[in-house]
Amino acid sequence: MHDIVIIGGGVVGAAVAYELSHYDLHVALLEKEEELSFGVSKANSGIIHPGTQNPPGSLRGRLCVEGNRLIRQLSEPLGLDFQQVGELIVAFDEEETSRLWQLKQEAQADGVPGLEVVSRGWLRDNEPNLNRDAVAALLAPSAGIISPYRFVYALSESAALNGVDINTLTKVEGISARPDAGFAVGTSIGEFGTRFVVNCAGLYADDVASMVAPPQFRIQPRKGEEYILDKKRRYLTRHLLFPIPTPESKGILVTRTSDGNPMIGPTAYDVEGKEDLSTTDEGLGMVLRVAQRLVPAIDKRDIIAYFAGLRPSAGEDFFIQHDSRVPGFVNVAGIQSPGLTAAPAIGRYVVGLLQEAGLMAGKKYGQRPMNGRSFHLFSMPIQEAEKLVEQDAESGDIVCRCETVSLREIKDAIAAGARTLDGVKFRTRAGAGRCHGSFCTCRVMEVLSEETGRTITDISKRGPGSEMVVEDRADG
Amino acid sequence: MDERELVIIGGGPAGMAAALSAREHGVRDVLLLERDRHLGGILNQCVHAGFGLVQFKEALTGPEYASRFIQSVRGTPDIEVRLGCFVADLKPGKVFTCLSHGNVSTIRARALIMATGCRERTREMIQIPGTRPAGVFSAGLAQKMINIEGLMPGREFVVIGSGDIGLIMARRLSLEGAHVKAVVEIQPHPVGLKRNVVQCLDDFAIPLYLSHRVLFIHGKDRVEAVDVAQVDESGSEIADTRFSLACDTVLVSVGLIPENELIEMAGVEVDRHTNEPVSSDLNYTSVHGLFVCGNAYRVYDIVDSVTRDSFLAGLQAADYLAECGGTE
């Protein structure tokens with residue numbers, strides 16, 4: 001019998017698990033995919049928002065500002081790759097400039113620190129590749145970037161280290177409220193009995209909620225296409241660059257991944273299916289138009305990768321509520337942007353809701369710390385790499401040449417839970433560079449097979465159904 | 001920091017020819033670095049015949065062609081070969097860092113020949129819309145899976161691009177019992193050699209769709225189908241020509257790009273469009289004593305020409321070293 005079952009292993013589920021791992025409780029997290037962060041959390045801009053673009057007085061505005069603050073506190077103990085780079089919302093004429101002052105006022109009311117409207121001269125000095133037609137910008141220095149999946153893995157690995165039971169390939173099939181109290185959660189691997197359920201099922205949150213009561217919200221998937229540029233062009237921008245939102249741009253921006261690749265996007269349009277992750281010619285055209293207006297030097301030829309993600313929107317604001325019709329059931333739904341930023345604050349907020357709903361929990365005496373942060377050769381000075389290779393010879397065996405990823409990093413990723421090529425890629429960047437895995441895929445498959453004991457034909461891109469090869473003809 | 005006379009980065013056909021030639025022309029100290037566990041480069045996975053018609057007047061397989069050079073390199077004293085050695089950066093002054101099992105070293109070369117080859121253009125570079133399922137491979141990766149690893153990447157294939165690698169893979173897959181449903185080429189004519197169109201497609205009754213483009217890749221976890229349509233001279237879709245081909249694998253063979261990221265790091269001029277070094281004369285770059293040869297210099301049709309021009313690079317490096325009083 002568990003105290004709490006969390007449904008969904010994206011950043012929200014992982015943040016709730018992390019928060020609950022500080023208490024003396026039996027907690028299980030259930031994820032339908034083979035690894036965590038394989039849903040909404042893998043496909044977004046990776047931005048830690050300062051809180052400048054939320055409806056005044058909204059829950060998401062409050063949790064965004066709070067989350068931005070908490071991520072700084074978590075950075076050291078969890079080894080996060082958070083980088084504070086600051087954001088600029090760029091105005092191209094007088095009318096847009098007056099809009100900046102309005103945005104500044106609204107954001108200040110939400111508690112966003114350090115806001116400043118900067119001039120054309122400042123922009124020339126500090127953002128040299130920005131379109132020279134820009135006349136002013138709102139600078140929010142607390143904005144930053146992070147690797148979204150590595151953020152999820154840091155939260156979930158710390159939670160697991162502190163007793164949370166993490167179950168992947170575990171799909172929730174039905175939930176029944178027990179007559180006395182609590183729930184029976186039926187899954188593809190068996191039943192979980194629990195006193196409380198936290199529904200963090202992202203795109204499927206309405207489906208999960210409807211298993212216990214008629215849902216109070218509906219998830220509308222809204223697609224965002226993103227395009228990643230070669231790391232060679234990392235000098236293109238220093239800050240995150242946003243246009244003033246217009247019907248055409250809808251918040252398409254120029255950012256940089258935490259690994260240094262410029263990234264442009266996302267589009268925003270509602271789609272029917274919850275699994276429609278296709279990119280389109282129209283999306284690419286629109287993203288390029290808006291991005292090139294901000295930074296004219298952006299070139300289509302520099303695109304090395306692209307993807308689409310779906311925002312699980314449930315109206316304007318987040319929907320985070322205890323469902324009093326079904327005592328013990330908490331919905332955490334509609335977590336679209338700025339959900340990544342808000343996640344740690346959502347974790348705390350949810351614990352508060354659970355306590356109001358009757359959860360009695362005492363804090364543990366101490367957290368087990370993470371076993372040092374994972375390393376990435378591509379982001380370290382050569383002197384440090386030298387030390388590493390001295391300590392461990394396999395740190396010098398380079399498997400992925402575009403991103404300089406060593407055999408040791410790949411084995412570490414597998415030890416930390418990677419089971420698929422995408423899982424390895426998200427943790428190490430092997431296969432994420434300009435050759436797109438043409439040179440290293442076979443080697444990574446081989447290491448996955450050796451380290452997990454699976455046959456090579458079982459090695460998949462992202463779980464069952466996405467196996468890489470159909471037959472092994474080597475050595476009979 | 002190690003000081004070396006001549007360092008050659010890349011142990012494929014270009015690097016081996018350059019090393020042998022430099023030694024022949026009087027360079028005493030030659031260091032050949034290869035990141036893979038074998039010399040020979042991509043030739044090792046090209047098991048089809050047709051290599052060496054110019055150099056050796058006979059039709060060899062890729063591994064046979066490579067092994068002739070490997071034996072010569074191994075038999076030449078004063079060519080030091082390091083395998084599993086990855087050059088991670090290159091700084092002005094021909095200084096670079098290499099990583100290998102248990103070792104990090106910094107080396108300064110008096111002369112440097114880059115023989116780093118090329119990479120394949122990817123689906124992402126030509127921005128084919130659609131989903132991103134398993135089963136979309138570069139033709140070279142599929143070739144490695146089949147010829148080196150003994151793995152079948154799929155059963156029903158559509159090949160995008162009629163370059164030589166795409167054509168050769170269409171035949172290779174057919175020989176392995178796979179069904180190649182189509183080779184789709186955006187140009188109105190085949191891109192690869194005529195003999196490959198005949199021997200790889202015609203002989204196996206594989207349909208070649210000229211002036212056609214793959215518009216969309218479908219499939220959630222694994223490729224399920226592609227949408228194809230005829231295009232006009234500008235590459236735009238012609239109305240009412242769209243059709244769908246069911247398949248589980250898409251091979252992308254849409255051209256090669258020279259690998260010149262290292263010299264770019266060192267400030268050597270590289271053409272933004274072709275990724276070739278900006279060059280006044282064969283194998284020369286904007287930096288004295290830093291040469292680029294083989295497919296890194298420009299993408300060649302046949303390996304015999306790579307060998308010929310890389311022999312020249314060895315001579316050029318020897319001359320450079322002699323002029324600046326390097327080699328005794």
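# Notebook: cores, strands and the A–B contact

I started at Ala317(B). Leaving aside neighbours within four places in sequence, I find Ala317(B) in contact with Leu6(B), Ala22(B), Val27(B), Ala111(B), Ile113(B) and Phe291(B). I note here that the model is predicted.

**Entry: cores.** Next I looked up the core around that residue. The largest nonpolar core has 129 residues. Ala317(B) is among those with the most contacts inside it, along with Leu6(B), Ile8(B) and Ile113(B). Which helix gives the most to this core? I find that H7(B), residues 303–323, does, with 8 residues. I also logged a second, separate core, which has 125 residues. Val16(A), Ala17(A), Leu100(A) and Ala154(A) are included in it. For context, nonpolar side chains tend to be buried together in soluble globular proteins.

**Entry: helix H3 of chain A.** Leu100(A) led me to H3(A), where Leu100(A), Leu103(A) and Ala107(A) are buried. These three cover an arc of only 70 degrees around the axis, so they sit on the same side of H3(A). What do they pack against? I find the buried residues of H3(A) against three strands of chain A: S5 (87–91), S6 (116–119) and S7 (136–140). I then checked the face turned away from the buried side. There I list the exposed residues Glu94(A), Glu95(A), Ser98(A), Gln102(A), Gln105(A) and Ala109(A).

I checked the length of this helix too. H3(A) runs from 94 to 109 and has 16 residues, which at 1.5 Å a residue should span 22 Å. The end C-alpha atoms are 23 Å apart, which agrees. Just after H3(A), I note that Gly111(A) takes a positive phi of about 90 degrees.

**Entry: strand S20 of chain A.** Is S20(A) mostly covered or uncovered? It is mostly covered: 5 of the 5 residues in 329–333 are buried. I sorted them by direction. Phe329(A), Asn331(A) and Ala333(A) point one way from S20(A), while Val330(A) and Val332(A) point the other way.

S20(A) has a parallel pairing with S12(A), residues 190–199, over 3 bridges. It also pairs with S19(A), residues 319–322, in the antiparallel sense over 4 bridges. I used Val330(A) as a marker. Val198(A) stands opposite Val330(A), and His322(A) stands opposite Val330(A) too. S19(A) and S20(A) form a hairpin with 6 residues between them. In that turn, Gly328(A) has a positive phi of about 100 degrees.

**Entry: two open sheets.** In chain A I traced an open sheet of 3 strands in the order S3-S8-S4, with antiparallel pairing. Its edge strands are S3(A), 47–48, and S4(A), 83–84, each pairing on one side only. S4(A) is joined to S8(A), residues 144–145, by 2 bridges. Gln83(A) stands opposite Ile145(A) there.

In chain B I traced an open sheet of 5 strands in the order S10-S18-S12-S13-S14, with parallel pairing. S10(B), 136–138, and S14(B), 208–209, stand at the edges with a single partner strand each, so one side of each has no neighbour in the sheet. I followed S12(B), residues 156–160, to S13(B), residues 179–184, and found 5 bridges. Val158(B) stands opposite Ala182(B) in that pair.

**Entry: the A–B contact.** How many residues does the contact take from each chain? I have 39 from chain B and 41 from chain A. On the chain B side, at least two residues come from each of S6 (86–91), S7 (95–100), S8 (103–114), S9 (118–120), H3 (139–149) and S11 (151–152). H3(B) supplies the largest share of that side, 5 residues. By class, I list 13 nonpolar, 14 polar and 12 charged residues on the chain B side.

Strand pairing crosses between the chains. S23(A), residues 471–472, pairs with S11(B) in the antiparallel sense over 2 bridges. The bridge partner of Glu471(A) is Met152(B).

**Entry: Ser460 of chain A.** I placed Ser460(A) in the loop between H12(A), 441–452, and S23(A). Is Ser460(A) buried or exposed? I have it as buried, because 24 other C-beta atoms lie within 10 Å. Not counting residues up to four places away in sequence, Ser460(A) touches Thr420(A), Ser466(A), Glu467(A), Met468(A) and Ala134(B). I also checked Asp422(A), 38 residues away along the chain: its C-alpha atom and that of Ser460(A) are separated by 8.4 Å.

Note on methods: Residues are numbered from 1 along each chain as its sequence is written. Chains are lettered from A and ligands numbered from 1 in the order in which they are written. This is a predicted model: local features need pLDDT of at least 70, side-chain atom pairs count only at pLDDT 80 or more; totals for chains, interfaces and linings use all residues. A residue is buried if 20 or more other C-beta atoms lie within 10 Å of its own, exposed if 12 or fewer, and partly exposed in between; C-beta atoms are placed from the backbone. Two strands pair if DSSP finds at least two bridges between them. Two residues are in contact if their C-beta atoms, placed from the backbone, lie within 7 Å. Ala, Val, Leu, Ile, Met, Phe, Trp, Tyr, Cys and Pro count as nonpolar, Asp, Glu, Lys and Arg as charged, and the others, Gly among them, as polar. A nonpolar core is a set of buried Ala, Val, Leu, Ile, Met, Phe, Trp, Tyr and Cys residues joined through C-beta atoms within 7 Å. The expected span of a helix is 1.5 Å times one less than its number of residues. The arc is that of the directions from the helix axis to the C-beta atoms.
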